[in-house]
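Me: I've got this one open on my screen and would like to go through it with you. Can we take it question by question?

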Amino acid sequence: MIKKSFQLLVLLISTFIYCQEKTSIDSIENSIVSLPKNFQLQKIKSITHDQITNNISQSEEILKKGEEIAIELNDSLSLAEIYKKLAIVYSYSENLEKKFDYSHKSITIYEKLGEDQEAGAGYGGLGYSLKYTDRERAIEYMLRAIKLLEKNNNLKALDPIYDNYGTLFDISNEIDSAIYYHNKSLHIKKQFSDSVGLGYTYAHLSTSYSLINEFEKARKYLDSSSVIRKNINEIYGIAANYAHLGDIYFNENKFQQAINTYKSGINLANNGNFKHLERYFYEMISKSYKELYDFKNAYDYNLIFQQKKDSVINENTNKRLAELKIEFETEKKEKEIAQQKEEILEKEIEIKNKNLFNIALGAGVLLISLLSFGIYKYQTNKRKQLRTQLALKDELAQSQTQNKLQEQRLRISRDLHDNIGSQLTFIISSIDNLKFLTKKSDEKLKDKLTSINSFANNTISQLRDTIWAMNKNEITFEDFYGRLLTFVEKAKLAKNDIEFNLSNWIASSPTFSSVEGINIFRVIQESINNTIKYADASKIDIQLSENEKNIHFSVIDNGVGFDMKEVEMGNGLNNMQSRISEINGQFKIESAPKKGTQIEFSIPKNT
């Protein structure tokens with residue numbers, strides 16, 4: 001009874017806080033009615049993140065008014081800021097199509113105005129919004145944001161990017177990387193005394209430590225977050241912390257306490273129109289009842305979860321999101337082509353001006369010489385112009401060809417993702433449902449379903465690797481190394497009895513074609529998988545190095561090894577050798593009984 005009364009008190013206090021924040025939004029709207037439009041715009045731009053999250057619908061209304069004023073005043077910078085805040089509104093209300101559209105509009109304006117820092121922050125928000133639907137694109141946007149912001153050491157803008165990048169690693173269960181980036185963000189927040197941000201980062205660190213069963217640390221960070229969020233009356237944060245606390249109970253196998261906590265957060269999420277939080281509460285309540293073998297309640301809450309999930313995510317929305325992503329990337333390529341054309345025209349103008357200057361200078365020396373020289377230069381310029389025109393036509397033809405190839409790649413990768421990917425995901429979901437419905441005594445069938453589930457998940461992983469390579473004309477070393485690092489971290493989690501060491505001595509910035517990138521990645525992946533399966537090794541070293549002409553890769557283990565003279569090369573080793581030969585590389589394998597195995601290969605450098 002005391003516990004229920006306390007929960008009711010929390011809800012009443014939260015509702016009171018919500019009304020106070022609503023009044024704050026009301027006061028902004030009422031205070032601008034009699035102001036000139038430029039002052040109205042400045043007031044609207046001052047709306048804060050926590051005011052948005054505490055009253056989403058009214059924030060949308062006033063920000064849309066700001067959009068109209070910015071367009072009327074032709075104030076591009078203010079319009080970009082309004083679009084950025086509208087993207088936040090639609091993120092919390094889960095209108096993903098509008099979220100992506102307004103983020104795109106905001107970034108486009110910032111880039112036109114040369115506002116690299118704001119564009120970087122926009123890329124960070126865009127990447128974070130794709131964390132569940134397109135992890136590869138999310139990482140790409142986040143890394144692009146970090147690169148832009150680190151260039152000018154913009155710590156305030158880097159702060160949320162680091163924090164959200166850590167959350168991507170939480171989702172993929174790469175906890176060491178997650179904690180590293182959360183702590184980078186925490187250091188900056190403390191430096192700037194960012195009370196709102198501290199509440200988020202403490203909560204994120206709580207999640208990270210909960211995932212690795214360090215529950216004492218998880219509670220410590222969550223308590224710090226709760227104190228901050230209650231002091232600043234942040235309704236969304238208070239509701240979100242119910243989710244974090246429930247997750248800690250769930251990971252501790254205290255499922256009834258988890259259920260009570262999740263239920264306490266439902267009303268807050270509903271009152272604040274935090275749809276994703278509300279949906280998450282229903283999903284986790286269902287999972288908790290399932291762990292308690294209360295299948296009726298598990299089914300009932302799962303049914304509510306599915307209804308709320310289906311009301312937000314549908315086929316048309318996902319299709320439109322994919323189209324917006326392609327439009328965004330296409331527009332950026334068109335801008336790059338236009339910029340190249342402008343540079344060519346400027347060079348042509350410079351050449352013509354130099355020629356005219358030479359002709360004018362020659363006129364002062366001798367009229368006959370001027371005539372002869374003019375005729376000579378005219379013919380020379382004509383030939384240069386013809387060569388320039390031919391070269392420009394060739395460049396345009398090559399650019400059009402590359403664009404068509406890229407369109408084909410995007411179309412194929414989209415088909416793979418939407419059709420095969422969604423079908424595999426459906427298979428996995430169906431297997432989970434079968435496991436859920438299978439009697440507990442039928443362990444053999446459950447083991448078989450688990451095996452099929454694992455195979456389907458592995459197939460999806462390989463499909464994503466292929467899509468990652470297909471989507472790019474070229475792959476930067478930074479992109480490749482990030483993907484390799486992710487794979488090694490997953491291998492560490494899967495085989496914690498093996499010591500993995502990844503050493504990178506490449507200081508230049510080489511690039512790979514899509515074929516080179518996927519072939520190199522597959523060979524390293526196959527080498528590590530073979531070592532895990534057959535070598536009985538306790539240590540695996542992956543080394544990347546370079547010289548003036550080549551890039552070298554090696555995978556070395558201290559396993560049982562084998563006699564090179566007695567063992568025939570299997571399909572796996574032959575496939576690795578074929579992949580490296582296909583990209584003009586050199587492949588070598590050395591092994592001896594009880595001395596481990598060393599696989600080395602190198603490819604020509606392309607910087």
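Me: Which residues form a nonpolar patch on the surface, and with how much accessible area together?
Reply: Keep in mind that we're looking at a predicted model. The residues in this nonpolar surface patch are Val 365, Leu 366 and Ile 368. Taken together, their accessible area is about 330 Å².

Me: And Leu 366, is that buried or exposed, or something in between?
Reply: Leu 366 sits in the loop between helix H17 (315-363) and helix H18 (367-437). Buried would need under 20% relative accessible area and exposed would need over 50%. Leu 366 comes out at 43%, so it counts as partly exposed.

Me: OK, on to the sheet. In what order do the five strands come?
Reply: It's an open sheet with mixed pairing. The twist averages 10 degrees from one strand to the next. Reading across, the order is S2-S4-S5-S7-S6.

Me: Why is one side of some strands left without a neighbour, and which strands are they?
Reply: A strand at the edge has a single partner strand, so one of its sides has no neighbour in the sheet. Two strands stand at the edges here: S2 (499-504) and S6 (586-591).

Me: How many bridges join S4 to S5, and what is the bridge partner of Asp 541?
Reply: S4 covers residues 539-546 and S5 covers 550-557, and the two run antiparallel. Seven bridges join them. For Asp 541, the partner in S5 is Ile 556.

Me: What stands opposite Ser 554 in S7?
Reply: S5 and S7 are an antiparallel pair too, with eight bridges. Across from Ser 554, the S7 residue is Glu 600.

Me: In the hairpin of S6 and S7, which residue takes a positive phi?
Reply: S6 and S7 run antiparallel and are joined by six bridges. One of the pairings puts Ser 591 with Thr 597 in S7. The hairpin has five residues between the strands, and the one with a positive phi, near 65 degrees, is Lys 594.

Me: Where else is there a positive phi of about 55 degrees in a residue that is not a glycine?
Reply: Most residues other than glycine have a negative phi, so these catch the eye. Ser 193 is one, in the loop between helix H10 (175-192) and helix H11 (195-211), with a phi of about 55 degrees. The loop between H21 and S4 holds another, and its phi is also about 55 degrees: that's Asp 536.

Me: Are Ser 193 and Asp 536 buried or exposed?
Reply: The cut-off for exposed is over 50% relative accessible area. Ser 193 has 60% relative accessibility, so it passes. Asp 536 has 67%, which means it also counts as exposed.

Me: Which helices pack on the sheet, and what angle does H21 make with S5?
Reply: Helix H20 (residues 477-494) lies across S2, S4 and S5, and runs at about 170 degrees to S2. Helix H21 (residues 514-535) touches S2, S4, S5, S6 and S7 (597-604). The direction of H21 makes an angle with that of S5 of about 10 degrees.

Me: Now the charges. Asp 163: buried or exposed?
Reply: Asp 163 is found in helix H9 (residues 155-171). Its contacts further off in sequence include Tyr 181, His 182, Ser 185 and Lys 189. With a relative accessible area of 3%, against a buried cut-off of under 20%, Asp 163 counts as buried.

Me: Which residues are linked in a network of salt bridges with Asp 163?
Reply: Asp 159 in helix H9 and Lys 189 in helix H10 are 30 residues apart. Their side chains meet in a salt bridge at 2.5 Å, N to O, and both residues are buried. The network with Asp 163 is made with Asp 159 and Lys 189.

Me: How many residues apart are Glu 546 and Lys 605?
Reply: Their side chains meet in a salt bridge at 3.0 Å, N to O. Glu 546 is partly exposed at 23% relative accessibility, and Lys 605 is partly exposed at 24%. Glu 546 is in strand S4 and Lys 605 is in the segment after S7, which puts them apart by 59 residues.

Definitions and conventions:
Residues are numbered from 1 along each chain as its sequence is written. This is a predicted model: local features need pLDDT of at least 70, side-chain atom pairs count only at pLDDT 80 or more; totals for chains, interfaces and linings use all residues. Side-chain values use heavy atoms; hydrogens and water are left out. Two strands pair if DSSP finds at least two bridges between them. Helices (H or I, at least four residues) and strands (E, at least two) are DSSP runs, numbered from the N terminus. Axes are lines fitted to C-alpha atoms, for helices over the stretch in contact, and angles run from 0 to 180 degrees between N-to-C directions. Contact means heavy atoms within 4.5 Å. Patches are made of residues with over 30% relative accessible area and no salt bridge: like charges are joined within 9 Å, nonpolar side chains (Val, Leu, Ile, Met, Phe, Trp, Tyr) within 5 Å. Accessible areas come from the Shrake-Rupley method with a 1.4 Å probe; for residues, only the protein chains shown count as cover. A salt bridge is a side-chain nitrogen of Lys or Arg within 4 Å of a carboxyl oxygen of Asp or Glu. Buried means under 20% relative accessible area, exposed over 50%, partly exposed in between (1.4 Å probe, protein chains only). Lists of a residue's contacts leave out its neighbours within four places in sequence.
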